[in-house]
Amino acid sequence: MSEYFRNIKTGASTIATGMGITLQHFFNAVKRKGDAGVGDSNYFGQVDGLVTLQYPREAIPTPANGRYRLENNIDDCIGCAQCERACPIGCITIETIKVTADDLGVCGKTSGGQQKKFWLPVFDIDTAKCMTCGLCTVVCPTECLIHSPVSDFSEFDRQNLVYHFGNLTRLEAEAKKRKLQEQQAQAAKDKAAAPAKPVLSGKSVAEKTASSETEDSGKARGENTGEQ
Ligand code: SF4
Ligand code: SF4
């Protein structure tokens with residue numbers, strides 16, 4: 001009989017303890033975590049407070065060193081394609097056009113002062129394939145390819161996950177290509193029309209020496225014949 005009442009007492013005390021913890025969380029939840037909400041730098045360090053966020057109006061802050069959606073600051077990109085070669089799954093597609101001498105000023109320099117020598121009509125990153133490994137960012141010599149803090153970029157259409165960073169439109173790219181081809185063709189014509197410069201290579205010197213020796217020995221033979 002005494003065990004019966006002891007069990008009732010234990011049950012009541014367990015319920016009271018559970019309700020106490022529940023009520024404690026209930027009253028803590030009337031306030032938010034941190035005064036500045038999700039923008040508080042100590043957000044993750046706070047135990048108490050409301051944990052449910054009004055997503056997508058609110059979102060948990062991304063850590064400063066997190067690797068999220070790639071961005072290319074195309075003004076600093078020199079078109080070296082090292083990122084494209086480094087990517088293990090081929091998410092980056094680059095097309096370049098060599099800048100003609102008269103366009104170097106228009107193409108400009110990077111923020112570090114490096115002359116850019118390629119137009120980039122195509123610089124696409126397929127973020128649907130990207131596994132955010134960061135290999136492409138570490139090889140970038142101008143540090144223009146970075147992981148942005150954007151972590152949520154879902155789309156209904158997969159094609160919208162391909163981000164375009166190119167610095168020429170299709171028409172502009174065609175015009176630049178045509179201009180480069182014309183200049184290259186003119187340079188080839190000028191080279192072909194230029195008078196050939198005499199080149200005394202090792203072989204021609206040897207040939208010249210050999211032929212002059214032959215002439216000399218012929219002459220010598222003629223002289224000998226004449227004497228006879
Ligand atoms: S982060 Fe990795 S997977 Fe994504 S584009 Fe760069 S190298 Fe490729
Ligand atoms: S490695 Fe950097 S500079 Fe070179 S093409 Fe890629 S983004 Fe541009």
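**A guided tour from helix α5 to the two ligands**

Begin with helix α5, whose buried residues are Ala173, Lys176 and Leu180. The model on display is a predicted one.

Select residues 170-193 to show the whole of α5. At 1.5 Å a residue, a helix of 24 residues should span 34 Å; the C-alpha atoms at the ends of α5 lie 35 Å apart, so the expected and modelled lengths agree.

Next, keep the buried residues of α5 in view and add residues 92-98 and 118-126. These are the strands β2 and β3, against which the buried residues of the helix pack.

Now turn to β3 itself. This strand is mostly covered, with 8 of its 9 residues buried. On one pairing, β3 runs antiparallel to β2, and 6 bridges join the two. Select Ile92 to find Ile125 of β3 standing opposite.

Stay on Ile125 and add residues 162-164, which form strand β5. Here β3 and β5 are also antiparallel, joined by 3 bridges. Tyr163 of β5 is the residue that stands opposite Ile125.

Proceed to ligand 1 and display the 13 residues that surround it. The closest are Cys87, Cys130, Cys133, Gly134 and Cys136. By class, this shell holds 11 nonpolar and 2 polar residues, and no charged ones.

Finish at ligand 2, which has 14 residues around it. Cys77, Cys80, Ala81, Cys83 and Cys140 come nearest. The shell of ligand 2 consists of 11 nonpolar and 3 polar residues, with no charged residue present.

How values were computed. Residues are numbered from 1 along each chain as its sequence is written. Chains are lettered from A and ligands numbered from 1 in the order in which they are written. This is a predicted model: local features need pLDDT of at least 70, side-chain atom pairs count only at pLDDT 80 or more; totals for chains, interfaces and linings use all residues. Side-chain values use heavy atoms; hydrogens and water are left out. A residue is near a molecule or strand if one of its heavy atoms lies within 4 Å of it. Ala, Val, Leu, Ile, Met, Phe, Trp, Tyr, Cys and Pro count as nonpolar, Asp, Glu, Lys and Arg as charged, and the others, Gly among them, as polar. Helices (H or I, at least four residues) and strands (E, at least two) are DSSP runs, numbered from the N terminus. The expected span of a helix is 1.5 Å times one less than its number of residues. Buried means under 20% relative accessible area, exposed over 50%, partly exposed in between (1.4 Å probe, protein chains only). Contact means heavy atoms within 4.5 Å. Two strands pair if DSSP finds at least two bridges between them.
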